[in-house]
Amino acid sequence: MKTIRMAGACALAGLLGGWVIALAADGDPAPWKPQAAAAYLDQRTEWWMGWQNAQRDHETFCVSCHTATPYALARPALRRALGEAGPSAIEGKLLDNVAKRVRMWKDVEPFYPDQTRGIPKTSESRGTEAILNALILATRDAGTRTLSDDTRLAFDNLWPLQFKAGELSGAWAWLNFHYEPWEAERSPFYGATLAAIAIGVAPDGYAATPAIQDRVRALREYLRKGSETAHLFNRVNLLWASGVWPELLTREQQQSIVDAVRKSQRDDGGWSVASFADWKRSDGTPLDTRSDGYATGLVAFALQSAGVTRADPQVRRALDWLVAHQDATAGNWYTASLNKQRDPASDASKFMTDAATAYAALALTYTKP
């Protein structure tokens, strides 16, 4: 193929029969299929919304860290890449569900009540959902550049649940089912990074609202305190947050994470989520240590969010890895479970792949706000 040269750019955005052409590291155009990625994410999120285990009271459903939330973040970016006029039907249903639970906050039950799942699942459920609701609605509003009443209410639901004392001061209770990397002992830090992202992307200068400054300061102090000691998975999400909330970290703290991420890139240009912490599977089976779509997509997206451009050689190699590893038939990026060896035919085996596909799409479609 003819080499394409563009000064100061490393991606040629074009849409040709469902293929996006992105400039690879060697200058040759490398195609990937955003339409196939969107179709996969639509299908998986539609399944999740109808799955019996996800159903909750008042005809609502649980918003998951692995499928629904990444979908809500990535689908608008895919919509823009595909030139779609508006949200897909699945996207609209998810947003309506979140807004409904925000408005009915005092009436809906927690995702996992103490009475059926044991203490402290009510507190963990409320903290987790409050953050995810704010993140999803703030992301939606970032596209319109206007903070909606529902999003403002989501933040109003969030702040009273923030801890004001103890080792989690500034953070929130977060679900712990011993499922890595999203719902385990060290996951409150992850949840706090998502809260920071919600604040950072919320339009109309929400982060500077005078009434929340004490709460914002407490969150920033919590995240800064853990910026060097958290495992790399949590630090990568903190790097992403620092890109949308510039005051979150010092320049030195942000650079420290960038340096750690650069050192962990594999020879093939990807990253492996298995290398991000001292994970251990509950069934004793070995972790899949190969480069995967989730780690590579998340890191490439976080680096770009933090200001590392696509012209950077390591980012270029990561994007090339993503282009080369999209499943041509399914449209997804595979990532294995950190928790156990799962049956490939099961829906649960796809949870990490759901997140991987969303973050791969975010990395490949990233444009500076």
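T329 counts as exposed because its relative accessibility is 77%, and the cut-off for exposed is over 50%. The model is predicted. T329 sits in the loop that links α12 (313-325) and α13. Follow the chain back from there to A36. The two residues are 293 residues apart along the chain, yet their C-alpha atoms are separated by 7.9 Å.

Now turn to the interior. In soluble globular proteins, nonpolar side chains tend to be buried together. The largest nonpolar core here has 113 residues. Within this core, F155 and Y294 touch the most other members. Helix α13 (residues 351-365) gives the most to the core, with eleven residues.

Y294 deserves a look of its own. Leave aside its neighbours within four places in sequence. Y294 is then in contact with P181, W182, F233, V273 and T335. Its contacts also include M352, A355, A356 and Y359. These last four fall within the residue range of helix α13, 351-365.

Next comes the second largest pocket. The space in this pocket is about 570 Å³. Its lining is made up of 29 residues. Helices α5 (121-144) and α13 are the elements that give two or more residues to this lining. So which residues lie nearest the centre of the pocket? They are H66, Y112, Y179, E183 and F351. By class, 16 of the lining residues are nonpolar, seven are polar and six are charged.

Helix α13 thus links the parts of this tour. The loop holding T329 lies between α12 and α13, α13 gives eleven residues to the largest nonpolar core, and α13 gives two or more residues to the pocket lining.

Conventions. Residues numbered from 1 in each chain as written. Predicted model: local features only at pLDDT ≥ 70, side-chain atom pairs only at ≥ 80, totals over all residues. Heavy atoms only, no water. Core = buried A, V, L, I, M, F, W, Y, C linked by side-chain atoms within 4.5 Å. Buried < 20%, exposed > 50% of the residue type's maximum accessible area, 1.4 Å probe, protein only. Contact = heavy atoms within 4.5 Å. 1 Å grid on protein atoms, 1.4 Å probe; cavity = no way out; pocket = protein on both sides within 12 Å on 5 of 7 lines; lining within 4 Å. Points joined across faces, edges and corners; volume = space filled by probe spheres on them. Nonpolar A, V, L, I, M, F, W, Y, C, P; charged D, E, K, R; others polar.
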